[in-house]
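Biologist: I have a structure to go through with you. Let us take it one question at a time.

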There are 2 protein chains.
Amino acid sequence: MDTDPRTAQRSTAERRRRELLEAAERVVLRDGPGASMNAIAAEAGITKPILYRHFGDKGGLYRALAQRHTDALLESLRAALDAPAERRERVEATLDTYLTAIEAHPQVYRFLMHPAEDAETEQGFDVGHHSAPLLRRLGEELAVFIEERLDLGPGSEELARVWGHGIVGMMHAAGDWWLRERPCPREQLVSHLADLLWGRLAAAADRAGRPTF
Amino acid sequence: MDTDPRTAQRSTAERRRRELLEAAERVVLRDGPGASMNAIAAEAGITKPILYRHFGDKGGLYRALAQRHTDALLESLRAALDAPAERRERVEATLDTYLTAIEAHPQVYRFLMHPAEDAETEQGFDVGHHSAPLLRRLGEELAVFIEERLDLGPGSEELARVWGHGIVGMMHAAGDWWLRERPCPREQLVSHLADLLWGRLAAAADRAGRPTF
DNA sequence: CAAAATGCGTTACCGCTAGTAACACACCTG
DNA sequence: CAGGTGTGTTACTAGCGGTAACGCATTTTG
């Protein structure tokens with residue numbers, strides 16, 4: 001059985017690749033992003049060199065593994081951002097989508113945010129290069145969206161990019177903290193962040209007895 | 001020479017520790033945060049076990065190394081945040097202080113933000129634990145500051161903490177991106193971020209031909 | 001049908017890392 | 001002079017990412 005040459009011929013490579021990715025995912029979800037290639041190979045029932053033949057190096061495997069989830073998350077975020085509703089509603093929906101995702105699969109989230117820490121050992125000067133590529137992609141996508149939809153006057157492209165990365169960073173940091181401490185329900189966090197983006201920081205009054213000088 | 005027992009008795013330990021930290025700093029600034037204990041020991045002119053006697057493990061050394069810069073940065077940020085000026089000016093001064101610091105010493109910044117990646121190999125469930133402790137500290141400090149100074153009505157503590165972490169995350173992400181791509185002068189980045197915090201996102205008009213629905 | 005080429009899998013290794021055990025020398029103290 | 005105490009060393013472990021070299025089955029070719 002299973003000795004049919006046609007199916008084996010073309011599907012073995014891709015199927016094996018999918019199987020390996022699934023095994024890798026299981027291990028990463030269990031052991032965190034520090035999972036070793038040995039452990040992944042063992043989980044897949046094979047040995048290390050096969051992994052390296054398929055993915056080149058650890059970074060390659062992690063990149064392949066990240067892309068699945070990244071694409072899915074980006075798609076749902078785009079949908080929330082693009083929904084037919086008031087701007088504030090859309091912003092809240094997008095924040096909520098992100099937070100729901102990281103809440104549902106915290107291990108995936110953890111992995112996605114730090115996929116290839118020390119992959120390339122460039123001793124150069126490229127500061128920040130280690131930071132999560134997903135966050136950068138999110139920031140760039142949001143920047144494009146803002147620039148397309150909002151009328152920000154002259155220099156709008158630059159402004160949109162600053163805002164894109166800034167807002168994504170805000171969402172990420174707040175989400176990270178919230179996921180760890182769980183100080184309030186998700187809806188409240190969403191509302192607080194939207195308030196911040198809506199200028200409530202500027203509008204708030206100083207505390208009594210503490211004049212601004 | 002240098003055989004005086006009094007000085008040797010009490011100062012050797014602390015002095016050695018300072019020397020080791022300075023050597024470690026030199027290596028980390030040269031090789032990045034992935035610097036090995038062997039390299040640090042060699043730079044200090046000694047061998048590994050001495051490092052481990054002084055700092056326990058790599059995380060300990062990194063924590064000791066981080067504290068120096070962290071304290072200095074926190075102090076200047078507090079000063080900027082506390083200056084006698086309008087709120088917007090203070091916010092801009094604080095952002096500018098942070099960006100100036102990371103611009104002046106990008107290697108230090110890179111090290112501070114990711115000090116102990118894989119230090120503890122807890123396979124538990126503490127998502128986000130890997131994230132930079134400095135950012136968390138910044139977020140908490142800013143939260144306290146906001147809660148002390150602003151009148152945010154009921155639930156102000158929770159709101160302040162969300163904002164603290166959110167604003168710090170915004171600053172961090174934008175700074176990281178800016179430092180890598182250098183798309184604009186620092187003053188402009190500061191201004192754009194302050195605009196974002198001042199509600200310009202909410203106030204902006206939709207682009208023509210693209211109604212909100 | 002035999003022989004060569006090709007792909008999947010293995011074992012065994014390299015150089016590196018963090019971290020440690022065990023030993024050697026100097027010194028101050030009784 | 002004996003004995004702790006601290007400072008340093010060498011030599012090691014276990015595990016990591018990654019690779020070279022080989023075994024075996026299957027397919028392709030003469």
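Biologist: How far is a polar side-chain atom of A:K58 from a phosphate oxygen of DNA strand D?
Modeller: Keep in mind that this is a predicted model. A polar contact needs N or O atoms within 3.5 Å. The side chain of A:K58 meets that cut-off with a phosphate oxygen of DNA strand D, and the distance is 2.4 Å.

Biologist: Which part of DNA strand D lies 2.6 Å from an N or O atom in the side chain of A:K48?
Modeller: A:K48 is among the residues that come nearest to DNA strand D. An N or O atom of the A:K48 side chain is 2.6 Å from the strand, and the partner there is a base oxygen.

Biologist: What does A:M37 place 3.0 Å from a phosphate oxygen of DNA strand D?
Modeller: The phosphate oxygen belongs to DNA strand D. The partner in A:M37 is not named as a side-chain atom; it is a backbone N or O atom.

Biologist: How many residues around DNA strand D are there, and what share of the strand's atoms within 4 Å of the protein is sugar and phosphate?
Modeller: There are 13 residues around DNA strand D, and B:R16, B:T47 and B:R53 are among those that come nearest. Of the strand's atoms within 4 Å of the protein, sugar and phosphate account for 47%.

Biologist: Which helices each supply at least two residues of the surface near DNA strand D?
Modeller: The residues of this surface divide into 6 nonpolar, 2 polar and 5 charged. Both chains contribute a helix, namely helix 3 (48-55) of chain A and helix 3 (48-55) of chain B.

Biologist: What kind of axis relates chain A to chain B?
Modeller: Chain A superposes on chain B with an RMSD of 0.1 Å. The rotation is 180°, with 0.0 Å of shift along its axis. That is therefore the relation of a two-fold axis.

Biologist: Which residue of chain A comes closest to the rotation axis?
Modeller: The C-alpha atom is the one used here. At 1.8 Å from the axis, the residue is A:G199.

Biologist: Is A:R87 buried or exposed?
Modeller: A:R87 is found in helix 5 of chain A. Its side chain reaches the backbone oxygen of B:L201 at 2.7 Å. The cut-off for buried is under 20% relative accessible area. A:R87 has 13%, so it counts as buried.

Biologist: Which residues have the most contacts inside the largest nonpolar core?
Modeller: Nonpolar side chains tend to be buried together in soluble globular proteins. The largest nonpolar core here has 118 residues. B:L61 is in contact with residues including B:L21, B:I40 and B:F55. Those with the most contacts inside the core are A:L61 and B:L61.

Notes: Residues are numbered from 1 along each chain as its sequence is written. Chains are lettered from A and ligands numbered from 1 in the order in which they are written. This is a predicted model: local features need pLDDT of at least 70, side-chain atom pairs count only at pLDDT 80 or more; totals for chains, interfaces and linings use all residues. Side-chain values use heavy atoms; hydrogens and water are left out. A residue is near a molecule or strand if one of its heavy atoms lies within 4 Å of it. A polar contact is a pair of N or O atoms within 3.5 Å; within protein, one must be able to donate a hydrogen and the other to accept it, and residues adjacent in sequence count only if both atoms are side-chain atoms. Helices (H or I, at least four residues) and strands (E, at least two) are DSSP runs, numbered from the N terminus. Ala, Val, Leu, Ile, Met, Phe, Trp, Tyr, Cys and Pro count as nonpolar, Asp, Glu, Lys and Arg as charged, and the others, Gly among them, as polar. Copies are superposed by least squares on the C-alpha atoms of residues with pLDDT of at least 70 in both. A nonpolar core is a set of buried Ala, Val, Leu, Ile, Met, Phe, Trp, Tyr and Cys residues joined through side-chain atoms within 4.5 Å. Buried means under 20% relative accessible area, exposed over 50%, partly exposed in between (1.4 Å probe, protein chains only). Contact means heavy atoms within 4.5 Å. Lists of a residue's contacts leave out its neighbours within four places in sequence.
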